[in-house]
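User: I would like to learn how to read the features of a folded chain, one at a time. Could you take me through this structure, giving the general idea before each case?

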Amino acid sequence: MKLRVLGAVCAALALTLVGCSQKAGSADEGAQDKGGVKTGVGVTDSVISLGALTDMTGVYASLGKSVTQAQQLWVKQTNAAGGICGRKVQLTVRDHGYDPQKAVAGYTELAPKVLGFVQFIGSPFVAAVEQRIDGQDKGLVLPQAWSANLLGSKYVRVIGATYDVETINAIDYLLAGKRIARGDRIGHVYFEGDYGENALAGSKYAAEQAGLTVVEQKIKPTDNDMTAQVAALKQAGVKAVVVSAGPRQAASLVGVAAATGFKVPVVGNNSAYAPQLLKTQAGPALTKDYYVAASTLPIGDPGAGPAKLAKAYAAAYPKDGLDNGVIAGYNAASLFGEALKKACTAKDLTREGIDRALLTITDFGSDFGMPHDFSDPAAPSTRESVIMKPDAGTPGGLKVVRPARAAPAAKSYTLK
C-alpha cells in the first residue's frame, strides 16, 4: 500500500516539479558547538528548528488548528524556561489543507531546514515520503496519524494505539456493554486509504474473534452526506456502526441515522470527532449514543495533566475552544522535547542522535491516561484506548465512559 500511495503522489506531483526522489538537503555534518555537542541539520549554536505539516483548511481543519496552537504553546513555554541545550526552539508551520501535492511539497521544502517534525497530519501523506525519511533524511517525524502502515520506521513514530488496535478496543466496548453479541452484523464506514483500511483490518479481526459480520461502506474524504451509507446499513440490519472518517462524516452519519429512526450505537476513531459538532443539528444525536476511542484522556478530564494543559491553553488562546487535538499536539511536542533533552545529555543533537534518544523513552505521558513506550519502532507506543462520549457540559466536549484498557483481542492481534 505504501508503494501504491507513494507512486500515486509522485505522479500527481510530476507536473509541479516536486520530485519524490529529490534529496532533502545535506546530511548531518557532525559539527560540534563550544560545549562539545554534535550538531547538524536544523541546529545552530542558538536555535533548534522544528517543522509542522498541518491541515488548517481541509477535512481536519479544527484538529489541525488546535494541534498547531498547542505545539506553539509548548514552544513558548519551553523558550520561556530557557530553551533546550542552551538553544531556543523555533517551529515552522505549513498548512497542506489535506492535499497530497501540498503535503509532499511542504515536506520537500522544510526537510532540508529542520531537525525533525512535531506534526504531520495525514497517514497517506506520511507514507508517501516515508522512504525518503528512512533512506536519506533520517529526521524524526511524529505524525498525527495512527496507521499501522507507519510502524517499523526508526524515524516515523506513532504516538498511541494504531487505528486497527483502537478499533478493536472500540468494538470491545460495545461487546462488554452487551450492545452487540455473537451473530450480529456491524457496519463500518471508512475512508479509502491508509486510515480507513487500517481501521477496517481491526474491525474484521474483532468480528472474527467475537463471531460478528462486518458490512463495509467505503467513502472518500470529500463525501460529506452519509444518507446513502445509513440507508444501506439499515437495510443490512446492522446492530452497531464503526466510523473511521472525519468529524463531518461522523456527524452526518449519526444525524441521518437519528432522523431516519435508525437507533444503533456508533463508535468512532480518535479522528472522527470535533466538539464543534455539538453546536450543529447533529449535536443532540451525538450526545445520545456516539462514542470515541483515543490514546489519551480528553482535554476536559479533571486529571492533573489535562487540567493543567487546559488552563494554559485557554490563557494563551482565550477565543478558541478546547478539543483533543490540544493534547495530541502538546504531547507530540513534549515527546520531541524529551528526546532533545536526552540527546543533549548524550552530546548529540544530530538527527541520528535524536532518533537514538527516542528509543530510550519507555514511560511517557502517564499524566494523560496511559504510559507510552517508544523502545520498539515496530510496535505502537500502547495498545490501550480510552472510550469517551460527547458531552456538551464538559470542556472539550468529551467525557470518559471507560478508562484506558486493552481488550483481549487487542492484545492478541498481530499488527500487519
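Analyst: Let us begin with how two helices cross, where the general idea is to compare their directions, bearing in mind that this is a predicted model. Angles of 65 to 115 degrees count as roughly perpendicular; α2 and α10 are therefore roughly perpendicular to each other, since helix α2 (residues 61–80) and helix α10 (residues 304–316) pack at an angle of about 95 degrees, with 10 Å between their axes.

User: Which residues in α2 and α10 meet?

Analyst: On the side of α2 the contact is made by Lys65, Ser66, Gln69, Ala70, Leu73 and Gln77, and on the side of α10 by Leu309, Ala312, Tyr313 and Ala316. Sorted by class, the contact of α2 with α10 consists of six nonpolar, three polar and one charged residues.

User: How should I read a sheet, and what is the order of the strands in the open sheet of three strands?

Analyst: One reads the order of the strands, then their pairing, and then what packs against them. In this open sheet the order is β4-β3-β5, and the pairing is parallel. Strands β4 and β5 (116–120) stand at the edges with a single partner strand each, so one side of each has no neighbour in the sheet. From one strand to the next, the twist averages 25 degrees.

User: How many bridges join β3 to β4, and what packs on this sheet?

Analyst: Strand β3 (residues 47–54) and β4 run parallel and are joined by eight bridges; within this pairing, Ser49 has Gln90 in β4 as its bridge partner. Helix α2 packs on the sheet, where it touches β3, β4 and β5, and its direction makes about 165 degrees with that of β4. Helix α3 also packs on the sheet and touches β3, β4 and β5, with its direction at about 175 degrees to that of β3.

User: What is the strand order in the open sheet of seven strands?

Analyst: Here the order is β7-β6-β8-β9-β10-β11-β12, and the pairing is mixed. The edge strands, each of which pairs on one side only, are β7 (213–219) and β12 (398–405). If direction is ignored, neighbouring strands of this sheet are turned against each other by 20 degrees on average.

User: Which strands does helix α5 touch, and which does helix α6 lie across?

Analyst: Helix α5 (residues 163–176) packs on the sheet and touches β6, β8, β9 (266–268), β10 (290–294), β11 (385–390) and β12, while its direction makes about 100 degrees with that of β12. Helix α6 (residues 194–210), for its part, lies across β6, β7 and β8 and runs at about 165 degrees to β6. As for the pairing within the sheet, strand β6 (residues 185–191) runs parallel to strand β8 (residues 240–244), and five bridges join them; one of the residues to look at is His188, whose bridge partner in β8 is Val242.

User: How do I read a disulfide, and which residues does it join?

Analyst: One looks at the sulfur distance, the torsion about the bond, and the places of the two cysteines in the chain. The structure holds one disulfide, which joins Cys85 to Cys344 with an S to S distance of 2.1 Å. The torsion about its S-S bond is about 80 degrees, so the disulfide is right-handed. Because Cys85 lies in the loop between α2 and β4 (88–95) and Cys344 in helix α11 (residues 324–345), the pair ties together parts that are 259 residues apart in sequence.

User: Which value does phi of Cys85 take, and where is Tyr98 placed?

Analyst: For phi, one looks at the sign and at the type of residue. Phi of Cys85 is near 55 degrees, a positive value in a residue other than glycine. Tyr98, which is not a glycine either, has a positive phi of about 55 degrees, and its place is in the loop between β4 and α3 (100–110).

User: Finally, how many helices and strands are in the chain, and how do I judge its overall dimensions?

Analyst: The chain has 13 helices and twelve strands. Its radius of gyration is 21 Å, close to the 22 Å that the globule rule gives for 416 residues, so the chain is as compact as a globular protein of that length. Along its principal axes, the C-alpha trace spans about 70 × 45 × 40 Å.

Methods:
Residues are numbered from 1 along each chain as its sequence is written. This is a predicted model: local features need pLDDT of at least 70, side-chain atom pairs count only at pLDDT 80 or more; totals for chains, interfaces and linings use all residues. Side-chain values use heavy atoms; hydrogens and water are left out. Axes are lines fitted to C-alpha atoms, for helices over the stretch in contact, and angles run from 0 to 180 degrees between N-to-C directions. Helices (H or I, at least four residues) and strands (E, at least two) are DSSP runs, numbered from the N terminus. Angles under 35 degrees count as roughly parallel, over 145 as roughly antiparallel, 65 to 115 as roughly perpendicular and the rest as oblique. Contact means heavy atoms within 4.5 Å. Ala, Val, Leu, Ile, Met, Phe, Trp, Tyr, Cys and Pro count as nonpolar, Asp, Glu, Lys and Arg as charged, and the others, Gly among them, as polar. Two strands pair if DSSP finds at least two bridges between them. A disulfide is a pair of cysteine sulfur atoms within 2.5 Å. The radius of gyration is taken over C-alpha atoms; the globule rule is 2.2 Å times the number of residues to the power 0.38.
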